[in-house]
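Please open the model in your viewer and keep the sequence panel beside it. We will go from the whole chain to single residues, one selection at a time.

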Amino acid sequence: MEKYGFVYIWFDKKHQRFYLGCHWGTEDDGYICSSRWMRQSYKRRPDDFRRRTISRVYSSRADLLVEEGKWLGLIDDGDI
């Protein structure tokens, strides 16, 4: 299967937190995220996390980063 990019959002049930990111690859290639604390938390308690793909980009990595920026821009500064 050819690589493509996707923007994803993880939800941590235990702490009621979200983690948004993007990845150039496939959705089933085993990628979790780039954050060390998030990966460690996921490895310790995988049943507390759920990932949802919110957008796919087939054109380029640069376009994927633009798409991720659009989603990050929707976050209200008061929520951070």
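The tour below starts with the overall fold, then turns to the cysteines, and ends at one tyrosine.

**Stop one: the whole chain.** Before selecting anything, bear in mind that this is a predicted model. Show the chain as a cartoon and trace the ribbon from the N terminus, where you should meet its elements in the order β-β-α-β-α, which amounts to two helices and three strands. If you display the C-alpha atoms alone, they fill a box of roughly 35 × 35 × 20 Å, taken along the principal axes. How does the radius of gyration of the chain agree with that of a compact globule? A compact globule with 80 residues would have a radius of gyration near 12 Å, and the chain has 13 Å, which agrees.

**Stop two: surface and interior.** Switch on the surface, of which the chain exposes about 5,800 Å², with carbon and sulfur atoms supplying 49% of it. Of the 80 residues, 34% count as buried. Now colour the charged side chains, and you will find 15 positive and 13 negative ones, the centres of the two sets lying 7 Å apart. When you look at contacts between residues at least 6 apart in sequence, 55% of them join residues at least 24 apart.

**Stop three: the cysteines.** Select Cys 22 and Cys 33 and show their side chains. Why is there no bond between the sulfur of Cys 22 and the closest cysteine sulfur? That closest sulfur belongs to Cys 33 and is 12 Å away, which is too far for a bond, because a disulfide needs the two sulfur atoms within 2.5 Å. The structure accordingly holds zero disulfides. Cys 22 counts as buried because its relative accessibility is 15%, and Cys 33 counts as buried too, at 3%; the cut-off for buried is under 20%.

**Stop four: Tyr 58.** Finally, select Tyr 58, which you will find in the loop between strand 3 (49–57) and helix 2 (61–73). Is Tyr 58 buried or exposed? Tyr 58 has a relative accessible area of 58%, so this residue is exposed, the cut-off for exposed being over 50%. Add Tyr 4 and Trp 24 to the selection, since Tyr 58 touches both of them, not counting residues up to four places away in sequence. If you draw a distance from Tyr 58 to Trp 24, C-alpha to C-alpha, the viewer should give 9.3 Å, although the two are 34 residues apart in sequence.

Notes
Residues are numbered from 1 along each chain as its sequence is written. This is a predicted model: local features need pLDDT of at least 70, side-chain atom pairs count only at pLDDT 80 or more; totals for chains, interfaces and linings use all residues. Side-chain values use heavy atoms; hydrogens and water are left out. Helices (H or I, at least four residues) and strands (E, at least two) are DSSP runs, numbered from the N terminus. Buried means under 20% relative accessible area, exposed over 50%, partly exposed in between (1.4 Å probe, protein chains only). Contact means heavy atoms within 4.5 Å. The radius of gyration is taken over C-alpha atoms; the globule rule is 2.2 Å times the number of residues to the power 0.38. Accessible areas come from the Shrake-Rupley method with a 1.4 Å probe; for residues, only the protein chains shown count as cover. Lys and Arg count as positive and Asp and Glu as negative; His and the chain ends are not counted. The place of a charge is taken as NZ of Lys, CZ of Arg, CG of Asp or CD of Glu.
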